[in-house]
Amino acid sequence: MTPGPRHFLAVAAGGACGALVRYAATQAQPDGAGFPWTTFAINVVGSALLAGLLLLPVARRSPVWAAALGPGVLGGFTTFSATSEQVRSLLADGRTGLAAAYVVGTLAAGLVAVVVVGGLAPSLPAEDEL
(Lines give C-alpha, C1' and ligand atoms only; values in the text may rest on other atoms or scores of the structure.)
Protein backbone atom coordinates (compact mmCIF):
# COMPACT_ATOMS: atom_id res chain seq x y z
CA MET A 1 0.00 0.00 0.00
CA THR A 2 1.31 3.39 -0.96
CA PRO A 3 0.53 6.05 1.62
CA GLY A 4 -1.67 8.82 0.35
CA PRO A 5 -2.06 12.43 1.39
CA ARG A 6 -4.38 11.46 4.25
CA HIS A 7 -1.63 9.30 5.77
CA PHE A 8 0.88 12.15 5.62
CA LEU A 9 -1.59 14.59 7.13
CA ALA A 10 -2.45 12.09 9.87
CA VAL A 11 1.23 11.63 10.74
CA ALA A 12 1.77 15.40 10.73
CA ALA A 13 -1.23 16.08 12.97
CA GLY A 14 -0.37 13.20 15.28
CA GLY A 15 3.26 14.27 15.44
CA ALA A 16 2.24 17.77 16.46
CA CYS A 17 0.05 16.37 19.23
CA GLY A 18 2.76 14.02 20.48
CA ALA A 19 5.38 16.75 20.44
CA LEU A 20 3.08 19.04 22.41
CA VAL A 21 2.51 16.38 25.07
CA ARG A 22 6.27 15.75 25.32
CA TYR A 23 6.97 19.48 25.54
CA ALA A 24 4.34 19.88 28.28
CA ALA A 25 5.86 16.97 30.21
CA THR A 26 9.35 18.45 30.02
CA GLN A 27 8.03 21.85 31.10
CA ALA A 28 6.13 20.32 34.01
CA GLN A 29 9.14 18.25 35.10
CA PRO A 30 12.40 19.48 33.53
CA ASP A 31 15.24 16.99 33.31
CA GLY A 32 17.75 19.08 35.25
CA ALA A 33 21.48 18.41 35.42
CA GLY A 34 21.44 14.80 36.69
CA PHE A 35 19.89 11.73 35.18
CA PRO A 36 17.32 12.88 32.59
CA TRP A 37 14.37 11.11 34.18
CA THR A 38 11.64 12.91 32.26
CA THR A 39 13.08 12.08 28.85
CA PHE A 40 13.80 8.55 30.06
CA ALA A 41 10.19 8.12 31.18
CA ILE A 42 8.83 9.60 27.96
CA ASN A 43 10.81 7.13 25.86
CA VAL A 44 9.89 4.12 27.99
CA VAL A 45 6.19 5.04 28.10
CA GLY A 46 6.23 5.74 24.37
CA SER A 47 7.85 2.35 23.70
CA ALA A 48 5.19 0.60 25.77
CA LEU A 49 2.37 2.47 24.08
CA LEU A 50 3.77 1.71 20.65
CA ALA A 51 3.95 -1.99 21.56
CA GLY A 52 0.27 -1.89 22.48
CA LEU A 53 -0.88 0.26 19.59
CA LEU A 54 -2.43 -2.55 17.60
CA LEU A 55 -4.57 -3.50 20.59
CA LEU A 56 -6.69 -0.51 19.69
CA PRO A 57 -9.37 -1.55 17.21
CA VAL A 58 -9.19 1.82 15.48
CA ALA A 59 -5.48 1.32 14.79
CA ARG A 60 -6.03 -2.23 13.50
CA ARG A 61 -8.85 -1.28 11.20
CA SER A 62 -7.68 2.06 9.87
CA PRO A 63 -4.23 2.55 8.33
CA VAL A 64 -4.74 6.31 8.61
CA TRP A 65 -5.39 6.10 12.36
CA ALA A 66 -2.49 3.67 12.77
CA ALA A 67 -0.24 6.21 11.03
CA ALA A 68 -1.63 9.07 13.11
CA LEU A 69 -1.12 7.26 16.41
CA GLY A 70 2.11 5.34 15.67
CA PRO A 71 4.59 7.42 13.68
CA GLY A 72 2.50 10.50 14.42
CA VAL A 73 1.59 10.83 18.11
CA LEU A 74 4.07 8.33 19.53
CA GLY A 75 6.80 9.34 17.08
CA GLY A 76 6.34 12.95 18.15
CA PHE A 77 6.10 12.01 21.82
CA THR A 78 9.25 9.90 22.07
CA THR A 79 12.55 11.61 21.61
CA PHE A 80 15.68 9.65 21.03
CA SER A 81 17.27 12.74 19.51
CA ALA A 82 16.98 14.46 22.90
CA THR A 83 18.43 11.34 24.51
CA SER A 84 21.39 11.50 22.15
CA GLU A 85 21.99 15.16 22.94
CA GLN A 86 21.71 14.53 26.68
CA VAL A 87 24.23 11.71 26.43
CA ARG A 88 26.57 13.99 24.48
CA SER A 89 26.19 16.64 27.17
CA LEU A 90 26.86 14.16 29.98
CA LEU A 91 29.97 12.95 28.15
CA ALA A 92 31.13 16.53 27.61
CA ASP A 93 30.77 17.10 31.37
CA GLY A 94 32.96 14.06 32.03
CA ARG A 95 30.07 12.02 33.43
CA THR A 96 30.82 8.91 31.40
CA GLY A 97 29.26 6.45 33.83
CA LEU A 98 26.00 8.37 34.00
CA ALA A 99 25.94 8.69 30.20
CA ALA A 100 26.48 4.97 29.80
CA ALA A 101 23.82 4.18 32.40
CA TYR A 102 21.42 6.49 30.60
CA VAL A 103 21.98 4.90 27.18
CA VAL A 104 21.86 1.33 28.43
CA GLY A 105 19.00 2.07 30.82
CA THR A 106 16.90 3.75 28.15
CA LEU A 107 17.34 0.91 25.68
CA ALA A 108 16.86 -1.81 28.30
CA ALA A 109 13.80 -0.19 29.88
CA GLY A 110 12.24 0.44 26.48
CA LEU A 111 12.81 -3.17 25.47
CA VAL A 112 11.40 -4.45 28.77
CA ALA A 113 8.34 -2.22 28.32
CA VAL A 114 7.76 -3.62 24.85
CA VAL A 115 8.18 -7.22 26.02
CA VAL A 116 5.88 -6.71 29.02
CA VAL A 117 3.15 -5.04 27.00
CA GLY A 118 3.50 -7.68 24.29
CA GLY A 119 3.29 -10.44 26.89
CA LEU A 120 0.26 -8.98 28.63
CA ALA A 121 -1.60 -8.20 25.45
CA PRO A 122 -4.34 -10.59 24.44
CA SER A 123 -4.03 -12.30 21.10
CA LEU A 124 -5.59 -10.42 18.27
CA PRO A 125 -8.72 -11.98 16.81
CA ALA A 126 -7.87 -13.74 13.55
CA GLU A 127 -10.13 -11.45 11.53
CA ASP A 128 -8.41 -8.38 12.95
CA GLU A 129 -4.84 -9.40 12.21
CA LEU A 130 -3.05 -7.26 9.69
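1. A residue is called buried here when its relative accessible area is under 20%, exposed when that area is over 50%, and partly exposed in between. Thr106 has a relative accessible area of 3%, so Thr106 is buried. Thr106 is found in helix α6. Setting aside residues up to four places away in sequence, Thr106 touches Phe40, Asn43, Phe80, Thr83 and Ala101. Two of these partners, Phe40 and Asn43, are themselves listed among the buried residues of α2.

2. The model is predicted, and the points below should be read with that in mind. The chain contains six helices and zero strands. Read from the N terminus, the order of elements is α-α-α-α-α-α. Along the principal axes, the C-alpha atoms occupy a box of roughly 55 × 30 × 25 Å.

3. On burial and surface: of the 130 residues in the chain, 35% are buried. The accessible surface is about 7,600 Å², and carbon and sulfur atoms supply 72% of that surface. Among contacts with a separation of 6 or more, 73% join residues 24 or more positions apart.

4. Helix α1 covers residues 5-28. The helix has 24 residues, and the distance from its first C-alpha to its last is 35 Å, close to the 34 Å expected at 1.5 Å a residue. Its buried residues are His7, Ala10, Gly14, Gly15 and Gly18. These buried residues pack against α4.

5. Helix α2 takes in residues 37-51, which makes 15 residues. From first C-alpha to last, α2 reaches 21 Å, close to the expected 21 Å at 1.5 Å a residue. The buried residues of α2 are Thr38, Thr39, Phe40, Ile42, Asn43, Val44, Gly46, Ser47 and Ala48. Which helices do the buried residues of α2 pack against? They pack against α1, α4, α5 and α6, the last of these being residues 96-120.

6. Helix α3 is formed by residues 57-61 and includes Ala59. Ala59 counts as buried because its relative accessibility is 3%, below the 20% limit. Apart from neighbours within four places in sequence, Ala59 is in contact with Leu53, Leu54 and Ala66. The C-alpha atoms of Ala59 and Leu69 are separated by 7.5 Å, with the two residues 10 apart along the chain.

7. The UniProt record, an unreviewed entry, carries the annotation "binding site" for Gly75 and Thr78. Gly75 sits in helix α4, residues 63-77, whereas Thr78 sits in the loop between α4 and α5. Are these residues buried or partly exposed? Gly75 is partly exposed, because its relative accessibility is 38%. Thr78 is buried, because its relative accessibility is 17%.

8. The surroundings of Thr78 can be described further. Leaving out residues up to four places away in sequence, Thr78 touches Arg22, Ile42, Asn43, Gly46 and Ser47. Ile42, Asn43, Gly46 and Ser47 are among the buried residues of α2. The side chain of Thr78 also reaches the backbone oxygen of Leu74, at 2.9 Å. Asn43 is a contact of Thr78 and also a contact of Thr106.

9. How many salt bridges does the structure hold? The structure holds one. In that salt bridge the side chains of Glu85 and Arg88 meet, at 2.6 Å from N to O. Both residues lie in helix α5, three residues apart, which is about one turn of the helix. Glu85 is partly exposed because its relative accessible area is 40%. Arg88 is partly exposed as well, because its relative accessible area is 44%.

10. The same unreviewed UniProt entry type also supplies the feature "transmembrane region", placed at residues 34-56, 63-80 and 100-121. For residues 34-56, the end C-alpha atoms lie 36 Å apart, and the span is 65% helix and 0% strand. For residues 100-121, the end C-alpha atoms lie 31 Å apart, and the span is 95% helix and 0% strand.

How values were computed:
Residues are numbered from 1 along each chain as its sequence is written. This is a predicted model: local features need pLDDT of at least 70, side-chain atom pairs count only at pLDDT 80 or more; totals for chains, interfaces and linings use all residues. Side-chain values use heavy atoms; hydrogens and water are left out. UniProt positions are given in the numbering used here, feature names are shortened, and annotations may be inferred rather than shown by experiment. Helices (H or I, at least four residues) and strands (E, at least two) are DSSP runs, numbered from the N terminus. Buried means under 20% relative accessible area, exposed over 50%, partly exposed in between (1.4 Å probe, protein chains only). Contact means heavy atoms within 4.5 Å. A polar contact is a pair of N or O atoms within 3.5 Å; within protein, one must be able to donate a hydrogen and the other to accept it, and residues adjacent in sequence count only if both atoms are side-chain atoms. The expected span of a helix is 1.5 Å times one less than its number of residues. A salt bridge is a side-chain nitrogen of Lys or Arg within 4 Å of a carboxyl oxygen of Asp or Glu. Accessible areas come from the Shrake-Rupley method with a 1.4 Å probe; for residues, only the protein chains shown count as cover.
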